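Dear colleague,

Please find below the structure I said I would pass on. My notes follow it.

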Amino acid sequence: MADDVESRAVELDIRGKKRVFDVDDPVLPDWVDEAALQSGDFPYNKKLKEEEYLEELQKLQIELVKVQFWLQATGNRVMALFEGRDAAGKGGAISASSAHMNPRLARVVALTKPTEREAGQWYFQRYITQFPTAGEFVLFDRSWYNRAGVEPVMGFCTPKQYEDFLKQTPQLENGIAHEGIFFFKFYLDIGREMQLKRFHDRRHDPLKVWKLSSMDIAALTKWGDYSDKRDRMLRETHTDAAPWTVIHANDKRRARLNLIRHMLKRMDYDGKDKDAIGKLDDKIIGSGPGFLK
């Protein structure tokens, strides 16, 4: 197991009930397992069947390959941000989107803790250097929005830095839109019991345990703080030029399909097959903070 994961149980307030959750216990509690899929008002009581998911995903991935040829021919640029709580499914959504794209023209950006030099720069500077050049498709696994969530919740930035971020971000993103970059901001939303289930799955899967960090464990008791920061982030940075697309992501399969469909529908690329893209599920995907209410 990962050395940085500390073994401990925590007491949580789950909708007015005190619950003890021990991520190290190999047995997942019934109260987690039974409520996970429909937690957070998720609209379905069953996951999408794998066979249907894989069939639809292949069609969408073929369209994404067409997008890459179109980007090369036109010099257009695409940038997508993937945000959400820990274990929301950001990495899996990125993998599904980029799996069959040419890696020379599609980049995944997942920046680590800033260096001493980067910490002294304008906050956005190290992200801007990763923006796409002509013909590129860049996918951010977390982005500058760390300063709207994890940093203020965990005390990694000052209140002034947080407030300055919320003021400056719409200005920066207006510039991105003005530059003509196809710009997508995705917030993947999951319910509390689903997050606990996914943390537990990671803890006890030797192939996934590296994904669970001490930061994840520390965040277990800060669900409400993260919710408050999420809500304010969506309110203050959802603009006409750079809107948020919110996705109910308890079912990773439905989330990935609708996320990719959304991007494909926004771009008029050569050879676009609207039937292959299909329709968005408005129970799963919507626009801005109002979709979470």
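A word on angles before anything else: axes are lines fitted to C-alpha atoms, for helices over the stretch in contact, and angles run from 0 to 180 degrees between N-to-C directions. Please also keep in mind that this is a predicted model.

The sheet. Six strands form an open sheet in the order S4-S5-S3-S6-S7-S8, and the pairing is mixed. Its edges are strand S4 (106-109) and strand S8 (285-287); each has a single partner strand, so one side of each is left without a neighbour in the sheet. On average, neighbouring strands of this sheet are turned by 20 degrees against each other, direction ignored. Between S6 and S7 the pairing is parallel, over five bridges. Asp189 has His248 in S7 as its bridge partner.

Helices on the sheet. Helix H3 (residues 90-98) lies across four strands, namely strand S3 (78-84), S4, strand S5 (137-141) and S6, and runs at about 165 degrees to S5. H10 also packs on the sheet, where it touches S6 and S7, and its direction makes about 155 degrees with that of S6.

Helix H10. This helix covers residues 223-237. At 1.5 Å a residue, its 15 residues should span 21 Å, and the end C-alpha atoms are indeed 21 Å apart. Its buried residues are Trp223, Tyr226, Ser227, Arg230, Met233, Leu234 and Thr237. They cover an arc of only 135 degrees around the axis, which puts them on the same side of H10. The spacing fits a general rule: an α-helix has 3.6 residues a turn, so residues three or four places apart point the same way. Asp228 and Arg235, on the other side of H10, are exposed. The cover over the buried residues of H10 includes helix H6 (150-154), helix H7 (159-179), helix H8 (192-203) and helix H9 (214-219), along with strand S6 (182-189) and strand S7 (244-248).

Val109. This residue lies in strand S4, one of the two edge strands. Is Val109 buried or exposed? Its relative accessible area is 3%, and buried means under 20%, so Val109 is buried. Leaving aside residues up to four places away in sequence, Val109 touches Gln130, Val138, Leu139, Phe140, Asp141 and Arg142. Of these contacts, Arg142 is 33 residues from Val109 along the chain, with 8.2 Å between the two C-alpha atoms.

Regards

Note on methods: Residues numbered from 1 in each chain as written. Predicted model: local features only at pLDDT ≥ 70, side-chain atom pairs only at ≥ 80, totals over all residues. Heavy atoms only, no water. Expected span 1.5 Å × (residues − 1). Buried < 20%, exposed > 50% of the residue type's maximum accessible area, 1.4 Å probe, protein only. Arc of directions from axis to C-beta. Contact = heavy atoms within 4.5 Å. Pairing = 2+ DSSP bridges.
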